[in-house]
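Please look over the sequence and the fold shown here before reading on. The report is meant for someone meeting this structure for the first time.

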Amino acid sequence: MGIRLDKPWQLLDDAAIEALPSQLGVYHVADSDGTVLSVGYAGAREPFGMQSALRREIEQLGPAAAQFRCELTSNYRSRWDELLMLHLADHGELPEPQRDQSQRVGRLSPA
């Protein structure tokens with residue numbers, strides 16, 4: 001198992017969100033083509049964990065947010081940083097919602 005979040009994409013809809021546990025973790029939100037629109041986390045301030053975070057993403061990204069994949073973890077901040085660094089290494093920039101993090105995160109050279 002590598003450090004990439006490579007779980008299968010799931011449709012981002014009410015049924016899928018309701019099926020998730022109210023736990024902490026990290027996620028990718030993508031458009032229908034699989035282009036990652038946001039790399040986020042459900043932290044301790046989310047009242048219903050992953051459910052709340054994904055509902056917020058739908059509100060912020062609008063109809064372009066079509067699918068997601070997630071990983072439940074209590075180490076969400078360090079895992080989020082890893083995912084941001086991977087995205088930056090792969091694409092040269094962070095998704096728009098996370099661009100303000102580009103100076104904070106380190107650099108990673110995945111093999």
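What follows describes the overall fold, then the sheet and its helices, and then the salt bridges.

**Overall fold**

The structure is a predicted model, and its protein contains 3 helices and 4 strands. Read from the N terminus on, these elements follow the pattern β-α-β-β-α-β-α. The radius of gyration is 13 Å, close to the 13 Å that the globule rule gives for 111 residues, so the protein is as compact as a globular protein of that length. Along the principal axes, the C-alpha trace spans about 35 × 30 × 30 Å.

Of the 111 residues, 43% are buried, while the protein as a whole exposes about 6300 Å², with carbon and sulfur atoms supplying 49% of that area. Among contacts with a separation of 6 or more, 65% are made by residues 24 or more positions apart.

**The sheet and its helices**

The 4 strands form an open sheet in the order β1-β4-β2-β3, and their pairing is antiparallel. Strands β1 (10-11) and β3 (36-42) stand at the edges with a single partner strand each, so one side of each is left without a neighbour in the sheet. The pairing of β1 with β4 (residues 67-72) is antiparallel and runs over 2 bridges, and Q10 has F68 in β4 as its bridge partner.

Helix α2 (residues 50-61) packs on this sheet, where it touches β2 (25-30), β3 and β4, and its direction makes about 30 degrees with that of β2. Helix α3 (residues 76-91) lies across β2, β3 and β4 and runs at about 165 degrees to β3.

**Salt bridges**

The structure holds 9 salt bridges, and the table gives some of them.

| Acidic residue | Basic residue | Closest N to O distance |
|---|---|---|
| D90 | R4 | 2.5 Å |
| E93 | R99 | 3.1 Å |
| E96 | R99 | 2.6 Å |

The salt bridge between D90 and R4 links distant parts of the chain, since D90 belongs to helix α3 and R4 to the segment before β1, 86 residues apart. D90 has 42% relative accessibility and therefore counts as partly exposed, and R4, at 38%, also counts as partly exposed.

R99 meets E93 in one salt bridge and E96 in another. With a relative accessibility of 43%, E93 counts as partly exposed, whereas E96 counts as exposed at 56%; R99 itself, at 33%, counts as partly exposed. Elsewhere, D14, E18 and R55 are joined into one network by salt bridges that share partners.

Note on methods: Residues numbered from 1 in each chain as written. Predicted model: local features only at pLDDT ≥ 70, side-chain atom pairs only at ≥ 80, totals over all residues. Heavy atoms only, no water. Pairing = 2+ DSSP bridges. Contact = heavy atoms within 4.5 Å. Axes fitted to C-alpha atoms, helices over the stretch in contact; angles between N-to-C directions. Rg over C-alpha atoms; globule rule 2.2 N^0.38 Å. Buried < 20%, exposed > 50% of the residue type's maximum accessible area, 1.4 Å probe, protein only. Areas by Shrake-Rupley, 256 points an atom, 1.4 Å probe, with all protein chains shown as cover. Salt bridge = Lys/Arg side-chain N within 4 Å of Asp/Glu carboxyl O.
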